[in-house]
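Student: I am new to this one. Can we go through it step by step?

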Amino acid sequence: MEHKITICTSCRHKGTECRPGYELIERLRKAIALAGETVTDGFEVSGVACMAGCDRPCTVAYHGTRKATYLFGDIDPDTDIDDLLSFARQYAALEDGWCTSLDRPGKLRTSTLARVPAAILAIEETKVRAS
Ligand code: FES
């Protein structure tokens with residue numbers, strides 16, 4: 001898998017005990033399985049206990065090798081699966097994962113909590129000087 005979608009399983013709808021992350025994982029996995037090979041072959045959907053966006057439940061992150069990472073909040077399994085799937089297609093096609101809020105589908109234009117550039121780690125050669 002080249003890409004991952006990580007969904008918080010600890011987020012609660014405000015004022016309730018409901019944790020929508022598990023339902024979101026299930027619905028998004030089904031949608032991806034039906035979406036065709038562009039998305040099906042490239043994405044793994046998994047859960048994590050918390051991504052520090054607790055005031056904006058439910059949080060969802062997109063990550064990819066050498067790609068920008070996104071964290072979205074306020075995601076609802078009842079209304080936002082289509083936007084998540086559209087963004088998966090878009091994200092898969094972007095070489096560095098970078099796009100503006102205007103490029104993102106639907107609710108993801110206004111619910112982005114973070115967009116973190118890909119880490120490009122330079123490995124410096126250490127020169128051993130002969131004395
Ligand atoms: S509980 Fe979901 S981000 Fe913290």
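Tutor: Just after α1, Gly36 takes a positive phi of about 100°. This is a predicted model: local features need pLDDT of at least 70, side-chain atom pairs count only at pLDDT 80 or more, and totals for chains, interfaces and linings use all residues. Residues are numbered from 1 along each chain as its sequence is written.

Student: Why are the buried residues of α1 on the same side?

Tutor: Helices (H or I, at least four residues) and strands (E, at least two) are DSSP runs, numbered from the N terminus. In α1, Gly21, Leu24, Ile25, Leu28 and Ile32 are buried (20 or more other C-beta atoms within 10 Å of their own, C-beta atoms being placed from the backbone; exposed is 12 or fewer, partly exposed in between). They share a side of α1 because they cover an arc, taken from the directions from the helix axis to the C-beta atoms, of only 100°.

Student: Is Glu44 buried, exposed or partly exposed?

Tutor: Glu44 lies in strand β2, residues 43-48. Within 10 Å there are 13 other C-beta atoms, so Glu44 is partly exposed.

Student: Which residues of β3 point to the face that is buried?

Tutor: In a regular strand the side chains alternate between the two faces of the sheet. Strand β3 (residues 60-64) alternates. Ala61 and His63 point to one face and are not buried; to the other point the buried Val60, Tyr62 and Gly64.

Student: In β4, which residue is the bridge partner of Ala61?

Tutor: β3 and strand β4 (residues 69-72) pair (at least two DSSP bridges) in the antiparallel sense over three bridges. In β4, the partner of Ala61 is Leu71.
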